[in-house]
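Good morning, and thank you for coming. I would ask you to keep the structure in view while I go through its core, its charged pairs and a few individual residues.

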Amino acid sequence: LSSSLSGLTHESHKKDVEQVYLRCSEGSIEWMYPTGALIVNLRPNTSPASYKHLTVCIKPFKDSAGANIYLEKTGELKLLVRDGDRSPSKVYCFGYDQGGLFIEATPQQDISRKITGFQYELMNKGIASDLHTVSAPCRPCSDTEVLLAVCTSDFVIRGSIQDVTNKAEEQESIIHVGVNKLYRQKSKVFQLTGESGNWRGQIKTLLECGVKPGDGDFLFTGRMHFGEARLGCAPRFKDFQRMYKEAKDKGLNPCEIGPD
């Protein structure tokens, strides 16, 4: 879902507060020429009983400007994104039950030059903590975690690390992956490239994990987050083959996948 609004229609009522209701689990808001304030109500098409298990993440557009974004609950405001904050690719997450979004335009000499906007995603709290964990984010996965990741990840591929680009400002590394076998992908991040017909794609991870190019194949698993592939468990492929065979022999593998 992509919603676009304009503050110019409220020029004569600068203190107007407009309410917006969004029912999709992901999408974007674009507020052109912001004046007054905007209350964003996220109302996903799920049972209200499940709301407490949801996390909301927002990612401001690179050139977003003209308003402060707050977390609002029962009239109390907590600043989430300050107008003009240029933290590249920063994602802000909070529990669905922590409140809603209150976007307040800041005084401008020329509002026509300002557009406030962000992408949003609602996800299960467990998935969100996996993506934004602060405790041991580069910890190797256990055998059980790897086998579960194969069943539940947005992408599962066998491939090698062709190159790594480190982005110090964003505290991220981009892993350039050559794909040998594509088991599953939710979005078309991994695609055929060039005349050679090789599959390639990019996966992002934290800079502190210190990923480096190297020999050998890995099983890459992970989640899609704001249109980007984020790394989850990534054992060496021969280790995955071992743990998969052991689990299958015992009848304990949670799902079937051809590991060869």
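I begin with the largest nonpolar core, which has 25 residues; Leu 42, Ile 58, Leu 101, Ile 103 and Phe 118 touch the most other members. Please bear in mind throughout that this is a predicted model. What does Phe 118 touch, if we leave out residues up to four places away in sequence? The set comprises Gly 27, Ser 28, Ile 29, Ile 58, Lys 59, Pro 60, Phe 61, Ile 69, Leu 101 and Ile 103. As general background, nonpolar side chains in soluble globular proteins tend to be buried together.

Let me place this core in the overall fold. The protein has three helices and 16 strands. Of its 260 residues, 40% count as buried. When contacts between residues at least 6 apart in sequence are considered, 66% of them join residues at least 24 apart. The exposed area is about 14,400 Å², and carbon and sulfur atoms supply 49% of that area.

One nonpolar feature is found on the surface. Leu 182, Leu 192 and Trp 199 make a nonpolar surface patch of about 250 Å². Of these residues, Leu 182 has its place in strand β12. Leu 182 counts as partly exposed because its relative accessibility is 31%, and the range for that class runs from 20% to 50%.

I turn now to the charged pairs. The count of salt bridges comes to 11. One of them joins the side chains of Glu 228 and Lys 59, at 3.8 Å from N to O. This pair links distant parts of the chain: Glu 228 belongs to strand β16, residues 228-231, and Lys 59 to strand β5, residues 54-60, with their positions 169 residues apart. Are the two partners buried or partly exposed? Glu 228 is partly exposed, since its relative accessibility is 22%, whereas Lys 59 is buried, at 11%. Lys 59 has already appeared today among the residues that Phe 118 touches.

A second salt bridge is formed by the side chains of Arg 223 and Asp 154, again with 3.8 Å from N to O. Arg 223 lies in strand β15, residues 218-225, and Asp 154 in the loop between α2 (143-152) and β11 (155-167), so this pair ties together parts that are 69 residues apart in sequence. Arg 223 is buried, with a relative accessible area of 18%, and Asp 154 is buried as well, with 12%.

A third example is Asp 249 with Lys 245, whose closest N and O atoms are 2.9 Å apart. Why are these two residues separated by about one helical turn? They are four residues apart in helix α3, residues 237-249, and that spacing is the reason. Both Asp 249 and Lys 245 are exposed.

Elsewhere, salt bridges that share partners join Lys 59, Glu 172, Lys 204, Glu 228 and Arg 230 into one network. Within this network, I would draw your attention to Glu 172, which lies in strand β12, residues 172-185. Glu 172 counts as buried because its relative accessibility is 9%, and the limit for that class is under 20%. Its side chain makes a polar contact with the side chain of Arg 230, at 2.7 Å. Beyond its sequence neighbours up to four places away, Glu 172 touches Thr 165, Asn 166, Lys 167, Lys 204, Thr 205, Leu 206, Leu 207 and Arg 230.

Next, a cysteine. Cys 151 is found in helix α2 and is partly exposed, with a relative accessible area of 24%. Leaving aside neighbours within four places in sequence, Cys 151 is in contact with Arg 184, Pro 254 and Cys 255. The C-alpha atoms of Cys 151 and Thr 221 are separated by 9.6 Å, and these residues are 70 apart along the chain.

I close with backbone geometry. Most residues other than glycine have a negative phi. Which phi does Thr 74 have? Its phi is positive, about 45°, although Thr 74 is not a glycine. Thr 74 lies in the loop between β6 (67-73) and β7 (76-81) and is exposed, with a relative accessible area of 73%. Gln 171, not a glycine either, has a positive phi of about 55°. Gln 171 is found in the loop between β11 and β12, and at 47% relative accessibility it counts as partly exposed.

Methods. Residues numbered from 1 in each chain as written. Predicted model: local features only at pLDDT ≥ 70, side-chain atom pairs only at ≥ 80, totals over all residues. Heavy atoms only, no water. Core = buried A, V, L, I, M, F, W, Y, C linked by side-chain atoms within 4.5 Å. Buried < 20%, exposed > 50% of the residue type's maximum accessible area, 1.4 Å probe, protein only. Contact = heavy atoms within 4.5 Å. Polar contact = N/O pair within 3.5 Å; in protein donor to acceptor, adjacent residues only side chain to side chain. Patch = residues over 30% accessible without salt bridge, like charges linked within 9 Å, V, L, I, M, F, W, Y side chains within 5 Å. Areas by Shrake-Rupley, 256 points an atom, 1.4 Å probe, with all protein chains shown as cover. Salt bridge = Lys/Arg side-chain N within 4 Å of Asp/Glu carboxyl O.
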